[in-house]
Amino acid sequence: MTSAVLTRPGRSAATELVRRLPEYLMIWVPLLLSAAHLVSFSLWTLWISFTPSTLVPVSGWVGLRNYTAVAASRNWQIAFDNLLLFGSAFVLLSAATGLILAILLDQRIRAENVLRSIFLYPLAVSFVVTGTVWSWLLNPGLGIQKLVHDLGWTSFKFDWLIDRDMAIWTIVIAAIWQSSGFAMALFLAGLRSVDADIIKAAQIDGAGAVRIYRRIILPSLWPITITVVVIQLQFAISTFDLVRALTNGGPGIATQLPALVVYDLMFQRSLLGRGAAAAVLMLLILLAVLLPYAAWRYIQRRRANHA
Amino acid sequence: MAALSIRALSKRYANLEVLKGIDLDIESGEFTVLVGPSGCGKSTLLNIVAGLDHPSAGTVEIGGRVVNDVAPKDRDIAMVFQSYALYPSMTVRQNITFGMECRRVAKAEQEKAVANVAKLLQIEPLLGRKPSQLSGGQRQRVAMGRALVRNPLLFLFDEPLSNLDAKLRVEMRMEIKRLHQRIGATIVYVTHDQIEAMTMATRIAVMHQGSVQQFADPDTVYRYPANLFVARFMGSPPMNTIPARLEAASDGPVVVVGAGRPDEVRLRLRGYDAAAPFVGREVVFGIRPECIAEGSRTFSSDAPVRVEAPVELVEPTGAETMVLLRLGGEPAMARISPDIRPAPGTSAAFALDTRRICLFDPETERLIA
């Protein structure tokens with residue numbers, strides 16, 4: 001093969017194109033399709049959000065009326081507050097859990113590969129399954145509470161799932177279970193990329209394990225931490241199936257999240273215009289996270305190129 | 001006083017014996033270079049001295065104290081790594097003071113120590129920078145600063161120059177040597193580069209397959225290599241090692257290369273009494289390239305030894321001309337005057353310095369004389 005290429009340096013552009021056609025098809029067709037979907041449907045949603053559409057899309061212009069209506073609704077306000085709480089608690093706790101798991105796994109333990117797979121496995125489970133399983137586990141009459149009761153501790157109480165104030169934490173728990181393995185994998189890669197000589201140098205300098213982690217290893221994990229936080233945040237903002245399966249926004253509307261509001265407005269109340277407005281608001285929240293991240297990446301890359 | 005004593009030290013990983021009974025005594029103020037090809041165990045030995053790895057058997061003594069069970073930080077050592085191992089999130093100043101910070105040295109004292117070291121290494125303008133903003137040579141200097149500031153009993157260098165480009169390597173080599181001359185520190189320096197070993201060391205330990213082949217000053221290692229491995233490892237190009245026969249003559253032994261051939265070479269040896277038991281036997285005849293020169297060269301006042309030999313290849317380097325020739329049918333490298341360029345395929349006259357010949361036992365590969 002290589003020798004054939006070497007002996008025919010004057011190959012025509014057409015032959016070259018045919019040879020590389022599979023590559024082009026494989027890369028460009030999906031890329032264009034998904035870009036077209038993303039861009040065209042985003043624009044369409046944006047347009048709908050300014051129309052008085054209800055059950056079916058209609059043309060017309062109502063300005064920001066859909067937005068003000070959505071923003072003023074109690075449903076959206078609760079969803080937004082929940083997003084702030086859920087987003088920050090979930091991102092911080094799953095990153096922390098992932099980091100702790102990664103540090104523990106990095107201690108040259110024997111069953112590392114097995115444990116790594118176990119911790120990563122929840123990621124392979126769909127959110128609907130996670131939500132459903134946790135809804136059973138957290139159901140007081142079915143899951144953990146019943147198990148402890150059956151073991152004899154009858155005064156034990158763990159009913160967050162049906163507690164208005166605590167229900168949002170059940171989503172946090174399930175989401176952490178699902179995705180802290182992912183954070184762990186990224187952190188573990190970061191820990192492994194720390195030059196072993198640096199650790200040796202620190203040992204000779206007289207630093208103990210805690211100081212080595214605090215002063216040398218953890219600071220070098222900053223870029224990975226930011227990546228983990230951004231990926232988890234955009235997951236948190238678009239969370240839908242997990243909540244739908246676990247609490248379905250309840251009890252009442254206590255665990256409402258923006259994506260559920262969009263679904264509710266569009267498909268249950270047939271208010272397409274308002275649903276689209278809520279969706280655009282979600283997109284704006286997402287951009288508020290992703291744009292600073294993109295800017296940070298850009299600055300990092302430029303600095304790296306200059307160094 | 002011995003700054004470092006290593007006794008019967010061995011290291012085994014599962015079935016692999018990395019170090020086989022190492023014994024070394026390093027005096028205070030010496031610059032000892034551990035040199036050998038990769039995988040010879042030199043870095044493992046250094047790590048064991050530093051306390052970063054543990055020996056399977058044997059003891060390590062630093063400054064007269066057995067340190068087998070002493071933590072690296074309490075061994076009174078400092079180490080410079082091949083990758084520099086600077087702490088990436090700290091400034092140069094913090095990199096240098098980190099050790100003192102761990103040992104709870106007073107702030108004012110830290111400042112003074114940093115100022116001294118920075119002045120010595122001329123890195124004052126870099127103190128506020130991060131390692132990622134430094135060039136390779138600057139990082140190297142900071143790594144040395146971090147070691148120097150500790151003022152330890154023993155400095156350990158693990159291939160500190162191998163990540164630098166050739167020009168910078170030569171500069172840093174001189175700088176490290178100058179530093180050693182100035183502060184008189186005891187240094188153990190690991191490298192695979194025999195030139196670094198020859199140029200910097202006060203004593204060289206040549207290692208191969210987990211044991212020390214020879215431990216002596218550079219001149220001795222070069223002039224009297226303990227065995228064929230050392231002869232072929234030290235020197236660039238290495239010593240020519242040629243199968244030969246030792247025969248008796250009226251006034252001492254004669255080395256015969258290519259016995260029975262029309263181009264047979266006979267070299268009379270003087271002062272090689274130790275070779276007497278090998279008369280009439282096969283030996284390995286070793287001669288450094290610089291001991292084979294153009295025919296007009298005189299090496300000593302004695303009657304010059306000259307041979308006619310076919311030239312195979314000529315490599316002019318500018319400073320000298322390297323010639324691959326056939327000595328009694330065996331290939332040998334010669335180092336001749338730069339402006340002499342014998343034509344390949346022809347025959348030329350060469351002068352040999354027979355006073356600096358080495359003879360090795362082909363069985364044990366050890367130096368006979």
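**Notebook: chains A and B**

I started at the end of helix 2 of chain B, where B:Arg104 follows the helix with a positive phi, near 60 degrees. I note here that I am working from a predicted model.

**Helix 2 of chain B**

I then listed what is buried in this helix, which covers residues 92-102 of chain B. The buried residues are B:Val92, B:Asn95, B:Ile96, B:Thr97, B:Phe98, B:Gly99 and B:Met100. I asked which helices the buried residues of helix 2 of chain B pack against. Within chain B, the partners are helix 3 (107-121) and helix 4 (136-148). Helix 9 of chain A is a partner as well, and that took me to the interface.

**Where chain A touches chain B**

I looked up the contact between the chains and found 15 residues of chain A against 19 residues of chain B. On the chain A side, helix 9 (196-205) and helix 10 (209-220) each supply at least two residues. Which helix gives the most to this side of chain A? Helix 9 does, with 7 residues. I sorted the chain A side by class and got 7 nonpolar, 3 polar and 5 charged residues.

**Chain A overall**

I went through the secondary structure of chain A and found 14 helices and 0 strands. Read along the sequence, the pattern of chain A is therefore one α after another. For the 307 residues of chain A, the globule rule gives a radius of gyration of 19 Å. The radius for chain A is 25 Å, well over that figure, so chain A is more spread out than a compact globule. The C-alpha trace of chain A spans about 70 × 60 × 35 Å along its principal axes. I counted 30% of the residues of chain A as buried. I also checked contacts in chain A between residues at least 6 apart in sequence, and 70% of them join residues at least 24 apart.

**Helices 8 and 11 of chain A**

I picked one helix pair in chain A, helix 8 (residues 167-192) and helix 11 (residues 222-237). Their axes come within 10 Å and cross at roughly 160 degrees. An angle over 145 degrees counts as roughly antiparallel, and helix 8 and helix 11 of chain A are therefore roughly antiparallel to each other. The crossing of these two helices is right-handed. From helix 8 of chain A, I noted A:Ser179, A:Ala183, A:Leu186, A:Phe187 and A:Gly190 in the contact. They meet A:Ile224, A:Thr227, A:Val228, A:Gln232 and A:Phe235 of helix 11 of chain A. By class, the contact has 6 nonpolar and 4 polar residues, with no charged ones.

**A:Pro251**

I found A:Pro251 in the loop between helix 12 (241-246) and helix 13 (258-268) of chain A. Is A:Pro251 buried, exposed or partly exposed? I counted 13 other C-beta atoms within 10 Å, and A:Pro251 is therefore partly exposed. Leaving out residues up to four places away in sequence, A:Pro251 touches A:Ile162, A:Arg164 and A:Ala167. I also took the distance to A:Tyr67, which is 184 residues from A:Pro251 in sequence. The two are 26 Å apart in space, C-alpha to C-alpha.

**Chain B overall**

I finished with chain B, which has 8 helices and 20 strands. The C-alpha trace of chain B spans about 80 × 45 × 40 Å along its principal axes. Of the 369 residues of chain B, 41% count as buried. Among the contacts in chain B with a separation of 6 or more, I found that 65% are between residues 24 or more positions apart.

Terms used: Residues are numbered from 1 along each chain as its sequence is written. Chains are lettered from A and ligands numbered from 1 in the order in which they are written. This is a predicted model: local features need pLDDT of at least 70, side-chain atom pairs count only at pLDDT 80 or more; totals for chains, interfaces and linings use all residues. Axes are lines fitted to C-alpha atoms, for helices over the stretch in contact, and angles run from 0 to 180 degrees between N-to-C directions. Helices (H or I, at least four residues) and strands (E, at least two) are DSSP runs, numbered from the N terminus. Angles under 35 degrees count as roughly parallel, over 145 as roughly antiparallel, 65 to 115 as roughly perpendicular and the rest as oblique. A crossing is left-handed if the near helix is turned anticlockwise from the far one by less than a right angle, and right-handed if clockwise. Two residues are in contact if their C-beta atoms, placed from the backbone, lie within 7 Å. Ala, Val, Leu, Ile, Met, Phe, Trp, Tyr, Cys and Pro count as nonpolar, Asp, Glu, Lys and Arg as charged, and the others, Gly among them, as polar. The radius of gyration is taken over C-alpha atoms; the globule rule is 2.2 Å times the number of residues to the power 0.38. A residue is buried if 20 or more other C-beta atoms lie within 10 Å of its own, exposed if 12 or fewer, and partly exposed in between; C-beta atoms are placed from the backbone.
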